[in-house]
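Hi everyone, thanks for coming. Let me put the model up on the screen, and then I'll walk you through it.

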Amino acid sequence: MATWDELSALRPGAAVRVRGEEFLIERTIRFDQDGCEWFEHRLSSDSSGRSLWLEIPADRDDPVIAYDSSAVLGFKPDGGPEIEHGGE
């Protein structure tokens with residue numbers, strides 16, 4: 001099992017294994033919110049055609065999360081030209 005230091009040092013092009021399946025890191029997003037920094041890596045597998053996101057939390061004690069973001073949302077978008085957030 002990888003250490004937090006090893007996981008936080010991952011960069012695009014690196015090979016990783018999630019639950020026995022091999023993936024390559026396609027891209028990395030670094031988030032910083034009020035001093036809390038974490039990373040999310042987009043993983044892809046040419047052999048299975050799957051892609052996952054791997055979230056490396058800021059706190060070493062928090063779990064590393066791998067998730068598939070391609071699930072169906074359950075509703076059709078209305079095609080509206082705007083998105084409202086907080087009434088604005």
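So, confidence: among the elements of this predicted model, helix α1, residues 4–8, has the lowest, with a mean of 85. Strand β2, residues 21–33, has the highest, at 92. Over the chain as a whole, the average pLDDT is 84, and 83% of the residues score at least 70.

What is the chain built from? You get one helix and five strands. If you follow the sequence along, the order goes α-β-β-β-β-β, so to read that pattern out loud: the helix, then the strands.

Next, inside and outside. There are 88 residues in the chain, and 23% of them are buried. The accessible surface adds up to about 6,900 Å², with carbon and sulfur atoms contributing 50% of that. As for contacts, take the ones with a separation of 6 or more: 22% of those link residues 24 or more positions apart.

Okay, let's zoom in on two residues that sit in strand β3, which covers residues 36–44. They are H41 and E37.

I'll start with H41. Is H41 buried or exposed? It's buried, because its relative accessible area is 0% and the cut-off for buried is under 20%. And what surrounds H41? Skipping its neighbours within four places in sequence, H41 touches L7, L10, I25, R27, T28, L52, W53, L54 and I56. Pick out T28 from that list: the side chains of H41 and T28 make a polar contact at 2.8 Å. So if you have the model open, click on H41 and look for T28.

Now slide along to E37, in strand β3 as well. This one is partly exposed, because its relative accessible area of 31% falls between the 20% and 50% cut-offs. Again leaving out neighbours within four places in sequence, E37 is in contact with R30, F31, D32, P57 and A58. Two of those partners deserve a word. With R30, there's a polar contact between the side chains, at 2.9 Å. With A58, look at the backbone: the two residues are 21 apart along the chain, and their C-alpha atoms are separated by 5.3 Å.

To put the pair side by side: H41 is buried, while E37 is partly exposed. Each has a polar side-chain partner, T28 for H41 and R30 for E37.

That's it from me. Happy to rotate the model if anyone wants another look.

Conventions: Residues are numbered from 1 along each chain as its sequence is written. This is a predicted model: local features need pLDDT of at least 70, side-chain atom pairs count only at pLDDT 80 or more; totals for chains, interfaces and linings use all residues. Side-chain values use heavy atoms; hydrogens and water are left out. pLDDT is the predictor's confidence in each residue, from 0 to 100. Helices (H or I, at least four residues) and strands (E, at least two) are DSSP runs, numbered from the N terminus. Buried means under 20% relative accessible area, exposed over 50%, partly exposed in between (1.4 Å probe, protein chains only). Contact means heavy atoms within 4.5 Å. Accessible areas come from the Shrake-Rupley method with a 1.4 Å probe; for residues, only the protein chains shown count as cover. A polar contact is a pair of N or O atoms within 3.5 Å; within protein, one must be able to donate a hydrogen and the other to accept it, and residues adjacent in sequence count only if both atoms are side-chain atoms.
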